[in-house]
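The following report describes a single protein chain, beginning with its surface and fold and then turning to its interior, its main pocket and a few individual residues. Please read it alongside the sequence and the model.

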Amino acid sequence: MGMTKVYVVRHGETEGNVYGRVSGFVDTHLTKRGYAQIDQLTERFKDIHIDAAYASTRDRAIKTAKAAVKGKGIEVQINPRLGECSLGKWDNSTWGELEVRHPDLLNTYFTDFPKWR
């Protein structure tokens, strides 16, 4: 029996990435560069055999997963259990804003995530 290969791909660049926004549950849109990146992903995976593809419920993840299997006749399985982490009231804030308003919590988030609440 052959080995199973698993490819983990992060979504293309989003507006949240560009503007430094926390975008856990926020469905931030792909940028022009993000669309170019997923076009490159289609090219990268064109000769790679894929049996299944999965994505979270976020549009950025679905579009990226669909690009990886384009032309392969594979339907992307959307699974909410793959969802991004909700950062609650922090979602859609800028990282700079959080640095000013919640420096101690932000430090915990980056240095000791299990203790972050």
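The accessible surface of the protein comes to about 8400 Å², and carbon and sulfur atoms account for 52% of this area. The model is a predicted one, and the C-alpha trace spans about 50 × 35 × 20 Å along its principal axes. Of the 117 residues in the protein, 35% are buried. Among the contacts with a separation of 6 or more, 53% join residues that lie 24 or more positions apart.

The protein has five helices and two strands, which follow one another along the sequence in the pattern α-α-β-α-β-α-α.

Helix 3, residues 59-68, is mostly covered, with seven of its 10 residues buried. These are Arg60, Ala61, Ile62, Thr64, Ala65, Ala67 and Ala68, and what covers them includes helix 2 (32-44), strand 1 (53-55) and strand 2 (76-78).

Helix 3 also figures in the largest nonpolar core. That core has 16 residues, of which Phe45, Ile50, Ala55, Val69 and Val76 touch the most other members. Helix 2, strand 1 and helix 3 are the elements that give two or more residues to this core, and helix 3 gives the most, with five residues. A second, separate core of seven residues includes Val22, Leu87, Leu106 and Tyr109.

The largest pocket has a volume of about 1100 Å³. Its lining consists of 41 residues, and those nearest the pocket centre are Tyr7, Val8, Val9, Tyr54 and Ala55. Helix 1 (15-19), strand 1 and helix 3 are the elements that give two or more residues to the lining of the largest pocket, and the largest share, five residues, comes from helix 3. By class, the lining comprises 24 nonpolar, 11 polar and six charged residues. Ala55 is thus named twice, as one of the residues nearest the centre of the largest pocket and as one of the core members that touch the most others.

Three residues can be compared through their contacts, leaving aside residues up to four places away in sequence.

| Residue | Residues touched |
|---|---|
| Leucine 30 | Gly12, Glu13, Thr14, Tyr35, Ile38, Arg60 and Lys63 |
| Isoleucine 50 | Phe45, Ala68, Val69, Lys72 and Ile74 |
| Isoleucine 78 | Ala55, Ser56, Thr57 and Ile62 |

Where does leucine 30 lie, and is leucine 30 buried or exposed? Leucine 30 is found in the loop between helix 1 and helix 2, and it counts as buried because its relative accessibility, 10%, falls below the cut-off of 20%. Among the residues that leucine 30 touches is Arg60, which is itself one of the buried residues of helix 3. The C-alpha atoms of leucine 30 and histidine 102 are separated by 28 Å, the two residues being 72 residues apart along the chain.

Isoleucine 78, by contrast, is found in strand 2 and has a relative accessible area of 47%; it is therefore partly exposed, since this value lies between the limits of 20% and 50%. Isoleucine 78 touches Ile62, a buried residue of helix 3, and Ala55, which belongs to the largest nonpolar core. The C-alpha atoms of isoleucine 78 and glycine 20, which are 58 residues apart along the chain, are separated by 26 Å.

Notes. Residues numbered from 1 in each chain as written. Predicted model: local features only at pLDDT ≥ 70, side-chain atom pairs only at ≥ 80, totals over all residues. Heavy atoms only, no water. Buried < 20%, exposed > 50% of the residue type's maximum accessible area, 1.4 Å probe, protein only. Helix = DSSP H or I, 4+ residues; strand = E, 2+ residues; numbered from the N terminus. Contact = heavy atoms within 4.5 Å. 1 Å grid on protein atoms, 1.4 Å probe; cavity = no way out; pocket = protein on both sides within 12 Å on 5 of 7 lines; lining within 4 Å. Points joined across faces, edges and corners; volume = space filled by probe spheres on them. Nonpolar A, V, L, I, M, F, W, Y, C, P; charged D, E, K, R; others polar. Areas by Shrake-Rupley, 256 points an atom, 1.4 Å probe, with all protein chains shown as cover. Core = buried A, V, L, I, M, F, W, Y, C linked by side-chain atoms within 4.5 Å.
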